[in-house]
Amino acid sequence: MKGKDTALDTDDSKAPLLPTHDPIHRSESSESFTRSIFTLKNFFVLLGPLLCGLICLCVKLNGGKDTSSRNMLAVLAWVFTWWLTEAVPMPITSMAPLFLFPLFGIASADAVAHSYMDDVISLVLGSFILALAVEHYNIHRRLALNITLLFCGDPLNPPLLLLGICATTAFVSMWMHNVAAAVMMMPVATGILQRLPAAGPSQPVLVSKFCKAVVLGVIYSAAVGGMSTLTGTGVNLILVGMWKSYFPEARPISFNTWLFFGFPLALCIFIALWAILCLLYCRSGSTQALSAYMDKAHLKRELDLLGPMAFAEKMVLAIFSMLIVLWMTRNLTDEIPGWGSLFNDRAGDGTASVMMATLLFIIPNKKQRGEKLMDWNKCKKLPWNIVLLLGAGFAIADGVRTSGLADVLSEMLEFLEKAPYWAIAPAVCLVSGTITEFTSNNATTTLLIPLLIQIAQNMHLHPLLLVIPGAIGSQFAFLLPTGTPSNIVGFTTGHIEINDMLITGAPLKIAGILVLSILMPTLGAFVFRTDEPLLNFGG
């Protein structure tokens, strides 16, 4: 025993106080650390400030005397590099103007911060809180099942059922963000498809095609429906906010003004979408193939499981309906003023939105004592990323205008002065529709609007004649799954592949460009009064 103890003591005395590392492991750790640094994402992180520095050092605008516009161009290069590559999360990039503008002498910290909270952003916050209430109480699901049941047909009519699903999605998307509409409607659509044989080699071809049509119909209808109202997508809100920033004295674009143009536009594109889906996927024999698995009884059972509408559901629906009425009646016509005139036109669409959302936190839900229709815990899913992106877009619009960069862009684009509108408008749609396939539609809009305003000035056109086609064209992300989160929602169901999106999305994109190019100089000119002179045009 004693010998053993001595041996142990001897071994312990030779043991190092700190653990040793195998040099092989050390070199592997060093290599992995090196690989983690030299990545494409980190390269794009450095590329933003690098481009910014190069522009500040090498680019001279107006003979090198105009440092403000040069600095604004440098900041744009930095921000858009991060936005397009997503090297830094988009919400964080969206806050970059808060420190870049003051540091580069473009605007004061207070002036930039004001861009991140205005009436448009309050409109977003209020409408999203209402959308969360609709989602929480399953009102969207009840609405979807009722409308689908109405369109189902007896016997089953696949094109009519597809129309019901698509129309419901488009309607829901009118009042909430199109991504939220797709996320909420996809389970409803796939729930209907669960009655059909599972996807695989044994699934009949006609059944497989109808499944593709339903999933494609939901994601595309969400995008199309969002075009019809200001609250349907962030792009419309960015457009309205930047318009207000560039031309504060011009006639504002209100909710009902946009609806008068956006709804007919969305309706035409929606009809084209339904026709394309029916031609490609609802072939003869679909009725017999689907009738064996799907009928009205299944939809009725799904609806019965929801039970009768409770007090809370009725109140949320009533508040939402009241908000829509307030949006529609704030400004009517010059001869018949809306309720906004009672407050000397100081109230905006955001005023009504936040006021109605506030009622959700006051009215009890009659489920539990002291519990209201909504509480703040239910609002944790508010899309702050969209709010920050809107703020960044408004800040950039102010910066381009006040820094003098807008005047520089105008001089560079003088060659477009004699270009015909009928050639430029479709080209604008095509360019924005192509860019948006590879980056977010919000970032595309924020990038293009300042440029399009200057092009319109050089062509002596009302800027909305180009800005609106550019903004709506950026919502035509129909070709790739990565074009928009709504596409990813459909792609993850397993029912569609990239080829399906290309085959369906290409004719839909062409149809959208044609419809927009026809309606903008006709209906758009009437609704937005583009024949009237615009105050402080050119900013």
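A disulfide is a pair of cysteine sulfur atoms within 2.5 Å. The exercises below use this predicted model.

**Exercise 1.** State how many disulfides the structure holds, and decide whether Cys379 and Cys429 are buried or exposed.

Solution.
- By the 2.5 Å cut-off, the structure holds zero disulfides.
- Buried requires a relative accessible area under 20%.
- Cys379 has a relative accessible area of 1%, so Cys379 is buried.
- Cys429 is also at 1%, and therefore counts as buried.

**Exercise 2.** Describe the protein chain by its secondary structure, burial, contacts and exposed surface.

Solution.
- The secondary structure consists of 25 helices and zero strands.
- The chain has 539 residues, of which 53% are buried.
- Take the contacts between residues at least 6 apart in sequence: 79% of them join residues at least 24 apart.
- The exposed area is about 25000 Å², with 66% supplied by carbon and sulfur atoms.

**Exercise 3.** Compare the span of helix H22 with the expected value, then locate its kink.

Solution.
- H22 covers residues 441-458, which is 18 residues.
- At 1.5 Å a residue, the expected span is 26 Å.
- From first C-alpha to last, H22 reaches 25 Å, close to that expected value.
- The kink lies at Leu448 and comes to about 30 degrees. The proline Pro450 follows shortly after Leu448.

**Exercise 4.** Work out how much of H22 is covered, and examine the phi of His460, which follows the helix.

Solution.
- Of the 18 residues of H22, 15 are buried, so by the under 20% cut-off the helix is mostly covered.
- After H22 comes His460, with a positive phi near 60 degrees.

Definitions and conventions. Residues are numbered from 1 along each chain as its sequence is written. This is a predicted model: local features need pLDDT of at least 70, side-chain atom pairs count only at pLDDT 80 or more; totals for chains, interfaces and linings use all residues. Side-chain values use heavy atoms; hydrogens and water are left out. Buried means under 20% relative accessible area, exposed over 50%, partly exposed in between (1.4 Å probe, protein chains only). Helices (H or I, at least four residues) and strands (E, at least two) are DSSP runs, numbered from the N terminus. Contact means heavy atoms within 4.5 Å. Accessible areas come from the Shrake-Rupley method with a 1.4 Å probe; for residues, only the protein chains shown count as cover. The expected span of a helix is 1.5 Å times one less than its number of residues. The bend at a residue is the angle between axes fitted to the seven residues ending there and the seven starting there.
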